[in-house]
Amino acid sequence: MACCGVIFDTIKLLLCMLCDPFVRLARGLVPKSKKSIKGEIVLITGAGHGLGKEVATRLAVLGPVLVLWDINKENNDAVAAKLRASGCKVFPYRVDVTDEQQVVQTANKVKQEVGDVSILINNAGVFSGLPLTQIPRQVVRKCFEVNAMAHFWILQQFLPHMIDLDRGHVVAVASIAGHQGVPYMTDYCASKFAAAGAMEALYMELQSMGKRHIRLTTINPIIITTGLISNVKSRFPCLLPLLTVDETAKRVVSAILKEEEVVFIPGRSRHLNELIGCFSRRTRFKILDYVSYGFDLEDPKQPETVKQQKVAEIV
């Protein structure tokens with residue numbers, strides 16, 4: 001009997017593997033309908049500026065209750081006031097997502113004052129752009145704490161309720177840098193690899209628990225021109241453009257409404273990443289050097305105090 005079971009399971013798996021390309025093709029040819037988020041409680045981190053602010057603005061017109069988290073209270077309150085004026089229910093909270101206790105306390109306030117979060121968007125991120133040997137220790141720690149570890153502290157507060165209901169949606173803003181190494185971005189790449197890996201592992205974990213209705217979306221944009229990094233470049237902007245916050249937010253909102261799993265922005269960057277991955281590291285470097293996409297390194301001789309101030313929020 002055990003042998004028959006193995007044979008049966010093997011046949012099922014092979015059929016699943018054979019059908020997978022055709023299922024994916026069908027999904028690509030038939031556009032998925034967008035879900036309604038009216039009345040849903042949506043929490044966005046890093047909502048006071050950049051991509052988080054624009055995503056909140058685009059979501060506001062769809063009728064959800066927005067919970068805005070940001071370390072900058074003034075910016076966050078300004079965004080909330082603007083959205084309230086348009087008729088949206090908004091609750092802003094000043095939160096340092098690297099502080100685990102502060103995350104726990106604020107999450108409890110949200111549950112008491114607003115309700116249980118049904119859509120969580122982990123968007124907050126920081127960026128330094130320094131050679132590995134010159135990155136101050138506190139900058140490395142900050143990069144990992146914001147870009148990766150904060151996801152854990154926040155998920156541990158809101159995911160249990162989603163698991164109980166087998167319903168909810170978790171969105172993580174990672175990066176193409178979470179799939180491909182980039183010079184002078186070792187801390188950023190490593191933290192985004194961690195965020196993307198955590199989302200992949202969480203998907204497998206939820207599947208193993210039998211939780212089939214909690215949606216996970218990982219967003220992987222290329223460089224977004226927020227104005228905080230002035231030395232960005234692209235040799236072939238038609239192939240690898242420098243994204244605007246507006247067009248990126250539009251694609252993020254679409255991915256949420258369609259419950260897409262892994263999204264690269266622009267879409268062709270996924271195929272370029274897969275193509276580059278076929279080559280050796282030496283060749284990959286030559287390809288990346290040829291397309292000259294990224295940013296120019298600032299003066300490496302600048303004072304240490306200036307380097308420490310160089311940490312800028314990128315999304």
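The following exchange concerns how elements of this predicted model are arranged.

Me: Why are helices H5 and H6 called roughly parallel?

Reply: Helix H5 (residues 137–165) and helix H6 (residues 186–208) pack at an angle of about 15 degrees, and their axes are 8 Å apart. Angles under 35 degrees count as roughly parallel, so H5 is roughly parallel to H6. The crossing of these helices is right-handed.

Me: What makes up the contact of H5 with H6, in terms of nonpolar, polar and charged residues?

Reply: Residues of H5, among them Phe144, His151 and Leu155, meet residues of H6, including Asp187, Lys192 and Leu202. The residues of this contact comprise 15 nonpolar, 3 polar and 2 charged. Leucine counts as nonpolar, whereas aspartate and lysine count as charged.

Me: Why do strands E3 and E8 stand at the edges of the sheet?

Reply: The open sheet has 7 strands in the order E3-E2-E1-E4-E5-E6-E8, and the pairing is parallel. Strand E3 (89–94) and strand E8 (262–265) each have a single partner strand, so one side of each lacks a neighbour in the sheet. From one strand to the next, the twist averages 15 degrees.

Me: How do you know that strands E1 and E4 pair?

Reply: Pairing requires at least two bridges, and strand E1 (residues 41–45) shares 3 bridges with strand E4 (residues 119–122), in the parallel sense. Isoleucine 44 stands opposite isoleucine 121 in E4.

Me: Which strands does helix H7 lie across?

Reply: Helix H7 (residues 245–258) lies across E4, E5, strand E6 (214–221) and E8, and runs at about 165 degrees to E8. Angles over 145 degrees count as roughly antiparallel, so this value falls in that class.

Conventions
Residues numbered from 1 in each chain as written. Predicted model: local features only at pLDDT ≥ 70, side-chain atom pairs only at ≥ 80, totals over all residues. Heavy atoms only, no water. Axes fitted to C-alpha atoms, helices over the stretch in contact; angles between N-to-C directions. Helix = DSSP H or I, 4+ residues; strand = E, 2+ residues; numbered from the N terminus. Parallel < 35°, antiparallel > 145°, perpendicular 65-115°, else oblique. Left-handed = near helix turned anticlockwise from the far one by under 90°. Contact = heavy atoms within 4.5 Å.
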